[in-house]
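Here's a quick look through a model you may want open in your viewer. Grab a coffee and scroll along.

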Number of protein chains: 2
Amino acid sequence: MTAEQLLEEVVGRFLASYSGPGVVGVSGGADSVALLRALVAAGRSVTAAHVHHGLRGAEADADEEFVRGLCQRLGVRYEGRRVEVSAWGRNVEAAGRRARYAFFAEVAQRTGAQWVAVAHTADDQAETILHRLIRGTGLSGLRGMAAERALALPGGGTVPLVRPLLTVRRQQVREYLRHLGQEYREDSSNRNLAYTRNRIRHEVMPLLESFNPRVVEALCRLGEQAAEADEVLARLSQDLLTHAERPRAGDKVVLDAEVLQSAPPLIQRGALRSLWQREGWPLEDMDYTAWHKVTELCNRSEGAWDFPAGVHLRRHGRVVLLWRES
Amino acid sequence: MTAEQLLEEVVGRFLASYSGPGVVGVSGGADSVALLRALVAAGRSVTAAHVHHGLRGAEADADEEFVRGLCQRLGVRYEGRRVEVSAWGRNVEAAGRRARYAFFAEVAQRTGAQWVAVAHTADDQAETILHRLIRGTGLSGLRGMAAERALALPGGGTVPLVRPLLTVRRQQVREYLRHLGQEYREDSSNRNLAYTRNRIRHEVMPLLESFNPRVVEALCRLGEQAAEADEVLARLSQDLLTHAERPRAGDKVVLDAEVLQSAPPLIQRGALRSLWQREGWPLEDMDYTAWHKVTELCNRSEGAWDFPAGVHLRRHGRVVLLWRES
């Protein structure tokens, strides 16, 4: 299959599932330019949303000009936003991501879009999974980026955020653009090895590819399997919580310890994680050791533990009590 | 905790679960020498089993001499075996592993040992998981090496093969030996970068540690979680197979398609994999695509597919028929 046929097929499949007009995030890089061109070629009404991060001076100005000009030639509505770098936190990459998605949601609301598409490829997915593997992750982190998730609109409600190119290789995107004779911008910050993500792309990936040229596909498949497994396990965990929970005692959550113990520790931890989320208790400080402590206590006949962020657990006879200091 | 306390604690926990005399595989390298010393220090009766692979000439002779001498000084029974390299297949590493375990089983049987211990560390475990990630693996491969598995004895029956040091870092093992003033042999083939495993150890791991110095622990934890998840999913898959199976039609396996379809595709694939194993049908050619083809067919109302190695699948109305050409 040629790169052109592949992109047509992938975008066709995407458009068959998502009707109505949409928003595409377009940085001006190869991936987003290709997605925009393929959506326009399929005849769908789209708005291109571009965020100028103000980090790269004249280069960012030129990116903005490039995307604006491309939209004019394609007859596509253009929406741009400049974001103040000074307002960002320490993690520039994460802050940039948040700013982009907030802007895409705003444009989706204003234009009545039914979906928002971003152009992450299989290579981005493999890099994400690898990054999480290196930092330390459980199964749910191995899922990588979702092919679809809900994006909150500023006025309430959600719109699907979709990644149609998540199974397409970066190389195939470039071949498609070459075939069209379509230019794109190279973001010079992609080559800055001070960013962890760029080091993963330019140092770790090539080393792993020297062992297995198809390591990107291998990581993406593992991610898909992890997503399937995580969904099955989350369902079991939620069912366990439902079966184990008893009426509250004042402000305290009451769980039946024998019901909890009937499940494997992995599912017990999942049930307690669901509880933590439902109660809005902070999850940040709940690390591997803390979750193992939770299940250890649930499987003893007596015990007490005070978790970070003021969550308390008491095991008495048949029940486990959990509450947070107010 | 000092390295000495750590090794004592880990080996103490191991010996509390495994009674009677045992066999330890001792190559003469740091890890196996440390395990032998710790077992002897704990007062347990052990036999050291050493395999001379005949690959490294005088160096291998010196390893053998070293292990024999160490056993004499420690008052430990020594069993050695020379293995013919010429008899090995193309994959020298895998063939060496098989030869070692076969010899350990033979010694276990001869000495009436209740267990066999090998000295793989957390570093070995992380390298195994990483190797599998690179080659391409599903969740079950992410488990890495089992902390315990059954080792078949030549005369029938099994003995547990245990890895007591699987949570201990290589560095801690070396500190323990330094504390004892105990020497060990360096295997020069560990530095041969023609072996994939050595490149993972000496090139990939140090690069990943430059991102996260605790990447070994991160990979080992992921492996533990994958093992827990895999066990839960295998149980669900086995239950699904039990519920879906109907009496055979001649030599054909009959499955109820509606029962299969009630489960998520991941569990359907697991159930069919269990069936493949139970029937003794070859698994080598069943790759990612083939397993996805199986579930796709089970979820259609009609269809036929002929899998590698002569396994046939037919979907008719309510049933799925599977059989292998004889």
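What follows goes from the whole chain to the pairing of the copies, then to the core and one odd loop residue.

Keep in mind that this is a predicted model. Chain A is built from twelve helices and eleven strands. If you box up its C-alpha atoms along the principal axes, you get roughly 70 × 50 × 40 Å. Of the 326 residues in chain A, 50% are buried. Sequence-distant pairs feature heavily too: take the contacts in chain A between residues at least 6 apart in sequence, and 64% of them join residues at least 24 apart.

As for the surface, chain A exposes about 15,100 Å², with 48% of that coming from carbon and sulfur atoms. On the charge side, there are 43 positive and 41 negative charges in chain A, and their mean positions sit 1 Å apart.

Now for the two copies. Chain B lands on chain A after a rotation of 180° with 0.0 Å of shift along the axis, at an RMSD of 0.1 Å. The copies are thus related as by a two-fold rotation axis. What about the surface they use? Of the interface residues of chain B, 100% are interface residues in chain A as well, so the copies meet through the same surface.

On to the packing. In soluble globular proteins, nonpolar side chains tend to be buried together. Here the largest nonpolar core holds 96 residues, and A:Leu322 and B:Leu322 touch the most other members. Which residues does A:Leu322 contact, once its neighbours within four places in sequence are set aside? The list includes A:Leu272, A:Leu275, A:Trp276 and A:Trp281, and also A:Val311, A:His312 and A:Leu313. Among its other partners are the charged-type names A:Asp251 and A:Lys252, along with A:Val253 and A:Leu255.

Finally, the backbone oddity. Most residues other than glycine have a negative phi. A:Ala309 goes the other way, with a positive phi of about 65°, and B:Ala309 also has a positive value, near 65°. In chain A, the residue lies in the loop between strand E9 (302-307) and strand E10 (311-316); in chain B, B:Ala309 likewise falls in the loop between E9 (302-307) and E10 (311-316). Here are the two side by side:

| Residue | Phi | Relative accessibility |
|---|---|---|
| A:Ala309 | about 65° | 33%, partly exposed |
| B:Ala309 | near 65° | 32%, partly exposed |

How values were computed: Residues numbered from 1 in each chain as written. Chains lettered and ligands numbered in written order. Predicted model: local features only at pLDDT ≥ 70, side-chain atom pairs only at ≥ 80, totals over all residues. Heavy atoms only, no water. Helix = DSSP H or I, 4+ residues; strand = E, 2+ residues; numbered from the N terminus. Buried < 20%, exposed > 50% of the residue type's maximum accessible area, 1.4 Å probe, protein only. Least-squares fit on C-alpha atoms with pLDDT ≥ 70 in both. Contact = heavy atoms within 4.5 Å. Core = buried A, V, L, I, M, F, W, Y, C linked by side-chain atoms within 4.5 Å. Areas by Shrake-Rupley, 256 points an atom, 1.4 Å probe, with all protein chains shown as cover. Lys, Arg positive; Asp, Glu negative; His and termini not counted. Charge placed at Lys NZ, Arg CZ, Asp CG, Glu CD.
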